[in-house]
Amino acid sequence: MKLSKRLQQIHDLMDPGRVLADIGSDHALLPVACVRSGQAVQAIAGELNEGPYEAAKKQVASAGLTSKIEVRRGDGLDVIKPGEVDTVTIAGMGGALIAAILDRGIDKLEGVTRLILQPNVGEDILRKWLYEHDYVVEAERIIEEDGKIYEVIAAVPAYFSHISNDEIYEPKLIGAGQNELELTRQELIAMGPFLVEQGGPVFIKKWHWEMDKLKHVLNSLSNSDLPTAKEKAGEIENTLKRIEEVLLCMQKDKQ
């Protein structure tokens, strides 16, 4: 069984021998792969909807792993008990929804020492939730697959981390010399504290896409006479300018 690139990134960010809960597991591809590779010794595949729930049960049965993977039907973290798992993965949803799932089930995260999350959008919302709830981002990945760009975020509770959130989100310099630029905490939350250091063509492509979206919104605002529209347009123009500076700085630094 071959995982998609984004699921493979989640798999690779796990440590061997974990007890995993995969929330919104769909066909249980990730738990099956993790148990087969030894990344997980036991797993729970959680799914709310009947179709994917039944598909997950069939997948686990056909893999001969019913003794190691339990498929449970329920909403978000309702499928686990406090202290039952040490790793939680949630993939393929918006960042706001993932944050809401974590928030609603935060009591179920007792004993969980690693979250591996793959938001489709709203990565900044998710990083902000992690920051505000004392989870420290320890690793980030960005990939392109089938014409879409995905970010994967691995985080641990602050008590379990060798580094603090203040250190992770301390305003940092990128580039060098005349191309040096300091990023604020807010910008690091938006762009990813590790991703801005890694840079790379996929990161740059993602932020060109984001700029295109902002320009579309700006164009719509230009047709409005509302005072709030003018204020919002100014904010977007400042954001666009700042993103351009960051990308230019990165590209010149690589030359």
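Trainee: What does Glu 235 count as, by its relative accessibility?
Mentor: This is a predicted model, in which local features need pLDDT of at least 70 and side-chain atom pairs count only at pLDDT 80 or more, while totals for chains, interfaces and linings use all residues. Buried means under 20% relative accessible area, exposed means over 50%, and partly exposed is in between (1.4 Å probe, protein chains only). The relative accessibility of Glu 235 is 40%, so Glu 235 counts as partly exposed.

Trainee: Which residue meets Glu 235 in a salt bridge?
Mentor: Residues are numbered from 1 along each chain as its sequence is written, and side-chain values use heavy atoms, with hydrogens and water left out. A salt bridge is a side-chain nitrogen of Lys or Arg within 4 Å of a carboxyl oxygen of Asp or Glu. At 4.0 Å, N to O, the side chain of Glu 235 meets that of Lys 232.

Trainee: Why are Lys 232 and Glu 235 separated by about one helical turn?
Mentor: Helices (H or I, at least four residues) and strands (E, at least two) are DSSP runs, numbered from the N terminus. Lys 232 is itself partly exposed, with a relative accessible area of 42%. Both residues lie in helix α10 (residues 227-254), and they are about one helical turn apart because their spacing in that helix is three residues.

Trainee: Which residues do salt bridges with shared partners join into one network?
Mentor: The pair in helix α10 is one of several cases, as a search of the whole structure finds 18 salt bridges. Where such bridges share partners, one network joins Glu 123, Arg 127, Glu 140, Glu 151 and Lys 206.

Trainee: How many residues apart are Glu 140 and Arg 127?
Mentor: The side chains of Glu 140 and Arg 127 meet in a salt bridge of 2.6 Å, N to O. The pair links distant parts of the chain, with Glu 140 in strand β6 (residues 135-145) and Arg 127 in helix α5 (residues 123-132). Their separation along the chain is 13 residues.

Trainee: Is Arg 127 buried or exposed?
Mentor: Its partner Glu 140 has 0% relative accessibility and counts as buried. Arg 127 has a relative accessible area of 0%, so Arg 127 is buried.

Trainee: Which residue meets Lys 205 in a salt bridge?
Mentor: The distance is 2.8 Å, N to O, for the side chains of Lys 205 and Glu 144. This pair also links distant parts of the chain, 61 residues apart, from helix α9 (residues 201-221) to strand β6. Lys 205 counts as partly exposed at 34% relative accessibility, and a relative accessible area of 24% makes its partner partly exposed too, namely Glu 144.

Trainee: How far apart in space are Ala 21 and Lys 5?
Mentor: Ala 21 lies in strand β1 (residues 18-23) and is buried, with a relative accessible area of 0%. Ala 21 is 16 residues from Lys 5 in sequence, and their C-alpha to C-alpha distance is 20 Å.

Trainee: What is the radius of gyration of the chain?
Mentor: The chain has 10 helices and nine strands. The globule rule gives 18 Å for 255 residues, and the value for the chain is close to that, so the chain is as compact as a globular protein of that length. The radius is taken over C-alpha atoms, and the rule is 2.2 Å times the number of residues to the power 0.38. The radius of gyration is 20 Å.

Trainee: What share of the residues of the chain count as buried?
Mentor: The C-alpha trace spans about 60 × 40 × 35 Å along its principal axes. Of the 255 residues, the buried share is 47%.
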